[in-house]
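Trainee: Hi! Could you walk me through a structure I have just opened?
Mentor: Happy to, let's have it on screen.

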Amino acid sequence: MLIRPGQAQIELDRYDQVSCIIDETAELPTFTFLTASSLDVDKIINSLCHHPAIQASYSKVKVLWPPRESLSAEPLLNGEYQVVWSREQNFAGVLPNYKNYFKTLIKVDGYKVYWYSHQPNLELTQAFLQDKKIGVLDSKVSHSHYILPLSSLKQANINLATEQIVHYPDGLSLYAAFRHGEVDMISSGAWLESSLQRPVHKLLIDDNAVAFSLFISLDTPKLAQCAMLEAMKPVYSVFERDLIHLNLPDDVKELCY
């Protein structure tokens, strides 16, 4: 999608990115945010495109959400992304010396992850799960929707048939499948409960998971860092029920708050 500030028309481009042109005549770089989800990307990019600090330093803004496994060291080293949404272990696995190029803008932790089920008497036992389908993301680096739920099953010594584990390409389709009863159980944060139309039953998996971190390029202007924090406010609001902690570096606190 292409958004020009001040214009209402939105044009479809690629299914996994949205962009806006600030000044196509300016010889300035593109501000590119590699995110892990399409959650609130319309609000994020509109905020960035209309922020004076972004307009002063960039001619275009682009937000991408390709499959998480597609992240590689080369574009990071080439400076193709100003901001990356990831978890530290995943980011360091791709670029072990990332601190030479990026710093942590924020770290969001204190995130509770639960099993959710529409059926009562939820328990993590072979008997309860024998006729159930579990929904997970088709991404082996997803902490909340792949690693934690499957680790939880393994720790409980539960063995499911292959057809009982259903993989989905993204969070939106995973949540839709749960709402529509295509799967019996999924894992998610506490925010999911408030977004559902009927009561659900939950069982805690992890009471202190790291939700995500934002890594920002070291050459990003300081006021543009504040613009990124401002643009992420809609995302923070989604997680309010999870009582997350926003850990900001001291220099960011002093500048932006």
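Mentor: We'll talk about a helix, a strand and a pocket, bearing in mind that this is a predicted model.

Trainee: Cool. Which residues of helix 7 are buried?
Mentor: Helix 7 covers residues 171-179, and Leu174, Tyr175, Ala177 and Phe178 are buried there. Viewed down the helix axis, the buried residues fall within an arc of 155°, so they line one face of helix 7.

Trainee: And what covers the buried residues of helix 7?
Mentor: The cover includes strand 7 (111-117), strand 8 (134-137), helix 6 (143-155), strand 9 (165-168), strand 10 (185-189) and helix 8 (191-195).

Trainee: How about the ends, what caps the N-terminal end of helix 7?
Mentor: That's Asp170, with a side-chain oxygen 3.2 Å from the backbone nitrogen of Leu172. Just after the helix, Gly181 has a positive phi of about 80°.

Trainee: Switching to strand 10: how many of its residues are buried?
Mentor: Five of the five, so strand 10 is largely enclosed by the rest of the structure. Met185, Ser187 and Gly189 are buried on one side, Ile186 and Ser188 on the other.

Trainee: In which sense do strand 7 and strand 10 pair?
Mentor: Antiparallel, over five bridges. Tyr114 stands opposite Ser188 of strand 10.

Trainee: Last topic: how much space lies in the largest pocket?
Mentor: About 1200 Å³. It is lined by 46 residues, and Ala36, Ser37, Arg68, Leu137 and Gly171 are the closest to its centre.

Trainee: Which element gives the largest share of that lining?
Mentor: Helix 7 again, with four residues. Strand 5 (83-86), helix 4 (88-94) and helix 6 each supply at least two.

Conventions. Residues numbered from 1 in each chain as written. Predicted model: local features only at pLDDT ≥ 70, side-chain atom pairs only at ≥ 80, totals over all residues. Heavy atoms only, no water. Buried < 20%, exposed > 50% of the residue type's maximum accessible area, 1.4 Å probe, protein only. Arc of directions from axis to C-beta. Contact = heavy atoms within 4.5 Å. Polar contact = N/O pair within 3.5 Å; in protein donor to acceptor, adjacent residues only side chain to side chain. Pairing = 2+ DSSP bridges. 1 Å grid on protein atoms, 1.4 Å probe; cavity = no way out; pocket = protein on both sides within 12 Å on 5 of 7 lines; lining within 4 Å. Points joined across faces, edges and corners; volume = space filled by probe spheres on them.
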